[in-house]
Amino acid sequence: MPDSETSTVRAASAAIASYTIWGLSPVFYKLLGFAGAAEIVLHRAVWSVPTLALVIWLARSWGTVISVLTRPKTLGLLVFSGLLIAANWWLFIYAVQVDRVLEVSLGYYINPLMNVAVGILVFRESFGWWRAAAILLAAIGVINQIIAVGSLPLIALALAGSFTVYAYIRKTIAVDGRVGLFVETLVIFLPSLIVLTFIETSPAGHFTDGWLQAFLLIMAGPMTVAPLLLFIIGARGLHFATVGLLQFIAPSLQFAVAVAYGEPFTAAHALTFAFIWAGLGCFTVSMLRRRKVMPS
């Protein structure tokens, strides 16, 4: 097999693995049901740092890290994006703990369509009928959720919105993905560690409940870092359109997890998802058409 094909297969495998981990991660966080969402997020922030530090050391990127830490504007943006992704983590874990994985799935289906809207409104990307149809169908799906189900899908919209803003901020920062993630977690490490120390030395903490509980909480760090690193490998070696199609693996698996755990799925829910899936179909057509006109 030629080197280029080997690289493409490796990149595709990494991307598929990353989305598979994200898609099945609700199962892992359900195992952490003994702890609250805030405690889990704090452990996630704390244990991600040594994991990422090892990655930075292997990549010999400490010089880049120091450079970022000495650039106030870049550092400020990464502090903000770090707080934003921490809020996204908390909301995701909270939704898993209260058996609303179906809404998590809906949020990550909506996310690429929000990215399209940001691309059009902020980056002045071409609109096109397929993209217009994608956004319109997604909006109809959300409206159906409000009318038929009787509630605004706040968790779905908050997850999609926060991750869209996070992606937009990271798009404006010319920093390697690994370094940016390390700095993000580094700046929230100390306050997370201080708060976590108070929690774990009080009756509210669960780290000392037993070796299994401690192990699962520690694993929250690698579970955060591993799919992100695999995604970076995949994104570097694949066309943007291919990555865009593969990203549907995660919410599809989350949807399957929600159904497997017996979350309510009514005809009204089905109609909401049908509109979102139709919108994603239009989005897919748009990406494939753009790829055909782009030089290889």
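**Entry 1: a cut-off, then Arg60**

I count a residue as exposed when its relative accessible area is over 50%, as buried when it is under 20%, and as partly exposed in between. I am keeping in mind that this is a predicted model. With the cut-off written down, I looked up Arg60. Its relative accessibility is 79%, so Arg60 counts as exposed. I found Arg60 in the loop between α2 (37–59) and α3 (62–69). I also checked its backbone: phi of Arg60 is near 55°, a positive value in a residue other than glycine. I paused there, since most residues other than glycine have a negative phi.

**Entry 2: helix α4**

Next I checked how far helix α4 reaches. It runs over residues 72–97, which makes 26 residues. At 1.5 Å a residue, I expected a span of 38 Å, the expected span being 1.5 Å times one less than the number of residues. The end C-alpha atoms of α4 are 37 Å apart, so the model agrees with the expectation.

**Entry 3: Asp99 and its partner**

I then stepped off the end of α4. Just after this helix, Asp99 takes a positive phi of about 60°. Asp99 is another residue other than glycine with a positive value. I placed Asp99 in the loop between α4 and α5 (101–121). Is Asp99 buried, exposed or partly exposed? At 45% relative accessibility, it counts as partly exposed, because that range lies between the two cut-offs.

Which residue forms a salt bridge with Asp99? I found Lys30, with the closest N and O atoms 2.8 Å apart. This pair links distant parts of the chain: Lys30 is in helix α1 (residues 3–31), Asp99 sits in the loop between α4 and α5, and their positions lie 69 residues apart in the numbering.

**Entry 4: the other salt bridges I looked up**

How many salt bridges does the structure hold? I noted four. As a reminder to myself, side chains of opposite charge can pair when their charged atoms come close.

Besides the pair with Lys30, I looked at Arg170 and Glu184, where the closest N and O atoms are 3.1 Å apart. Here too the pair links distant parts of the chain, with Arg170 in helix α7 and Glu184 in helix α8 (residues 177–187), 14 residues apart. Both Arg170 and Glu184 are buried.

I also found Asp176 and Arg178 meeting in a salt bridge, at 3.2 Å from N to O. Asp176 has a relative accessible area of 24%, so I wrote it down as partly exposed. Arg178, at 22% relative accessibility, is partly exposed as well.

**Entry 5: inside the cores**

I turned to the nonpolar cores. The largest has 66 residues, and those with the most contacts inside it are Tyr29 and Phe92. Apart from this core lies another, of seven residues, among them Ala11, Tyr19, Val243 and Ala250.

What does Tyr29 touch? Setting aside residues up to four places away in sequence, I listed Ile40, Arg44, Phe92, Ile93, Val96, Ala220, Met223 and Thr224. Phe92, the other residue I had picked out in the core, is on that list.

**Entry 6: two buried residues in α5**

I opened helix α5 at Ser105. Ser105 has a relative accessible area of 0%, so it is buried. Leaving aside neighbours within four places in sequence, Ser105 is in contact with Pro251, Gln254, Phe255 and Phe273.

Gly107 also lies in helix α5. At 0% relative accessibility, Gly107 counts as buried. With neighbours within four places left aside, Gly107 is in contact with Ala156 and Ala160. I took one distance from here too: the C-alpha atoms of Gly107 and Pro191 are separated by 29 Å, and the two residues are 84 residues apart along the chain.

**Entry 7: a patch on the surface**

My last stop was a nonpolar surface patch of about 490 Å², made by Ile143, Ile146, Ile147, Leu152 and Leu154. Which helix gives the largest share of the nonpolar patch? Helix α6 (residues 129–149) does, with three residues. Leu152 is found in the loop between α6 and α7 (154–172). Its relative accessible area is 38%, so I noted Leu152 as partly exposed.

Conventions:
Residues numbered from 1 in each chain as written. Predicted model: local features only at pLDDT ≥ 70, side-chain atom pairs only at ≥ 80, totals over all residues. Heavy atoms only, no water. Helix = DSSP H or I, 4+ residues; strand = E, 2+ residues; numbered from the N terminus. Patch = residues over 30% accessible without salt bridge, like charges linked within 9 Å, V, L, I, M, F, W, Y side chains within 5 Å. Areas by Shrake-Rupley, 256 points an atom, 1.4 Å probe, with all protein chains shown as cover. Salt bridge = Lys/Arg side-chain N within 4 Å of Asp/Glu carboxyl O. Buried < 20%, exposed > 50% of the residue type's maximum accessible area, 1.4 Å probe, protein only. Core = buried A, V, L, I, M, F, W, Y, C linked by side-chain atoms within 4.5 Å. Contact = heavy atoms within 4.5 Å.
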